[in-house]
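Please open the structure in your viewer and keep the selection panel at hand. The tour below moves from one selection to the next and says what is to be found at each stop.

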Amino acid sequence: MKDLESILREIPFFAGLDDKHVRLIAGCARNCRFETGEYLFHEGDPASEFFLIRQGTVALDVVAPGRQPIVFSTLAQGEVVGASWLVSPYRWMFDARATTPTHALGIDAGCLRRKCEEDHDFGYLMMKRFLPVFVKRLHATRLQMFDVYRKN
Amino acid sequence: MDMPRHNALVPAPYRVGEVYRELPDTVTLRLVPESGGRPPYTPGQFNMLYAFGTGEIAISISGEDEGEGFLHTVREVGAVSTALARLAVGARVGLRGPFGAGWPTAEGSDVIFVAGGLGLAPLRPAIRRALARRSDYGRVAILFGTRHPAEMLYRQELEQWRQRLDVDVSVTVDHADALWHGNVGVVPALIARTVFDPKNAVALVCGPEVMMRFTVSALREAGVPDGRVYLSMERNMKCAAGLCGHCQFGPEFLCMTGPVMPFDRIASLFATREI
């Protein structure tokens, strides 16, 4: 059975990290599995743990009264689930639901934030990994909002 | 196909042989020539369709009819497209074409088709060609994005492609509720999830221009050279014979050198607002 450090090294998101930093992250990580339909987290809950998908798919949705939940993004293998753990007040703004059997690495957000505070070089390294992911999602969200396929 | 210019301006009479309802506002017309055979065409080319009494517009060829006619997928947007989309079987239309440059054959390469919304229509003949000669290509991926699950063009054919084991088909929608079990997100985001050799890949892209800009950015990030990315550029085609200039895109007349253009040829113009 692989240990967490080996698993982390296989995830492209963490590619190129040195052993020391992989050990720091592994100290905050756990393996987890979600069945189809199971929630990784719910809107309003403390953003205490975020996830990296190893296998499977996760839908992000928001609930509006009297309507079916609105899915606004589906995430797949290698992708990060959750951004609210990075910014105060550290609460989820949406639901995350497994749409297929999903294996993920759960990262204790408080633990990782604390290590980033203690070692700013490590913190900067983490920011350089996470920021492009979130900027790309912002761009994708804008493209979604443009509603480019609507009839003019 | 190069047509003599005097012939290029004269519509040939065609009949509507069949009308396939694709979406509430979109049909595919099977157009059959009244006399003689259908001229040859290259996937990616377009015809000028003339709705008598209303006007003429450029519509990409979305398929062929076993050598006898053309398939054209038409969405009701303006007066002419609405008139065309509401034609009944047996109705007469004028047709000029085919015009322009089509998709490259890309044999020997990995081929990534990226389509957004109605942009799947001009790509469909190229996809069918690649699947019919599957062994001539490396990996083949079809990435299709649309607005909503209910607005999915060629759903049945997409499902047939998806059942094949030798092609990677990914479909995504911009908006959905929890009843949709497929992917939600924009089509450029699918590129990073697709397995292909970027240096040996050719990407054929068709959709709204904003979607194509984001797609080019994702393809560049994946390592696909600009010269191996082909876009179908939509402009106001009028004469379709390189005479009137309505379709001018910088130094290019897209009715002649386009609509399919390699990105490296138009990169400097692509984000220029005035063009």
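What follows is a walk through a sheet, a contact between chains and a contact between domains.

Bear in mind throughout that this is a predicted model.

**The sheet shared by the two chains**

Begin by selecting S2, S7, S4 and S5 of chain A together with S10 of chain B: these five strands form an open sheet in the order S2(A)-S7(A)-S4(A)-S5(A)-S10(B), with antiparallel pairing. Strand S2 (39-41) of chain A and strand S10 (176-177) of chain B stand at the edges and have a single partner strand each, so one side of each is left without a neighbour in the sheet.

Next, select strand S4, residues 58-62 of chain A, where four of the five residues are buried, so that the strand is mostly covered. On one pairing, S4(A) runs antiparallel to S5(A) and is joined to it by five bridges; select A:Ala59 and you will find A:Thr74 of S5(A) opposite. On another, S4(A) pairs with strand S7 (residues 95-98) of chain A, again in the antiparallel sense and over four bridges, and here A:Asp61 stands opposite A:Asp95.

Now move to strand S5, residues 70-75 of chain A, which pairs with S10(B) in the antiparallel sense over two bridges. Which residue of S10(B) is the bridge partner of A:Ile70? Selecting B:Asp177 shows that partner.

**The contact between chains A and B**

Widen the selection to the contact between the chains, in which 21 residues of chain A touch 23 residues of chain B. On the side of chain A, the elements that give two or more residues are S4, S5 and helix H4 (120-146), and S5(A) gives the most, with five residues. Coloured by class, this side of chain A has 11 nonpolar, six polar and four charged residues.

**The two domains of chain B**

Finally, select chain B alone and colour domain 1 (5-99) and domain 2 (110-270) separately; their C-alpha centres lie 22 Å apart. The contact between them takes 21 residues from domain 1 of chain B and 19 residues from domain 2 of chain B. Several elements of domain 1 of chain B supply at least two residues each to the side that touches domain 2, among them helix H1 (5-8), strand S1 (12-23) and strand S6 (92-99), while S4(B) gives the most, with six residues. That side of domain 1 of chain B divides into nine nonpolar, seven polar and five charged residues.

Definitions and conventions:
Residues numbered from 1 in each chain as written. Chains lettered and ligands numbered in written order. Predicted model: local features only at pLDDT ≥ 70, side-chain atom pairs only at ≥ 80, totals over all residues. Pairing = 2+ DSSP bridges. Buried ≥ 20, exposed ≤ 12 C-beta atoms within 10 Å, placed from the backbone. Contact = placed C-beta atoms within 7 Å. Nonpolar A, V, L, I, M, F, W, Y, C, P; charged D, E, K, R; others polar. Domains from an automatic or database assignment.
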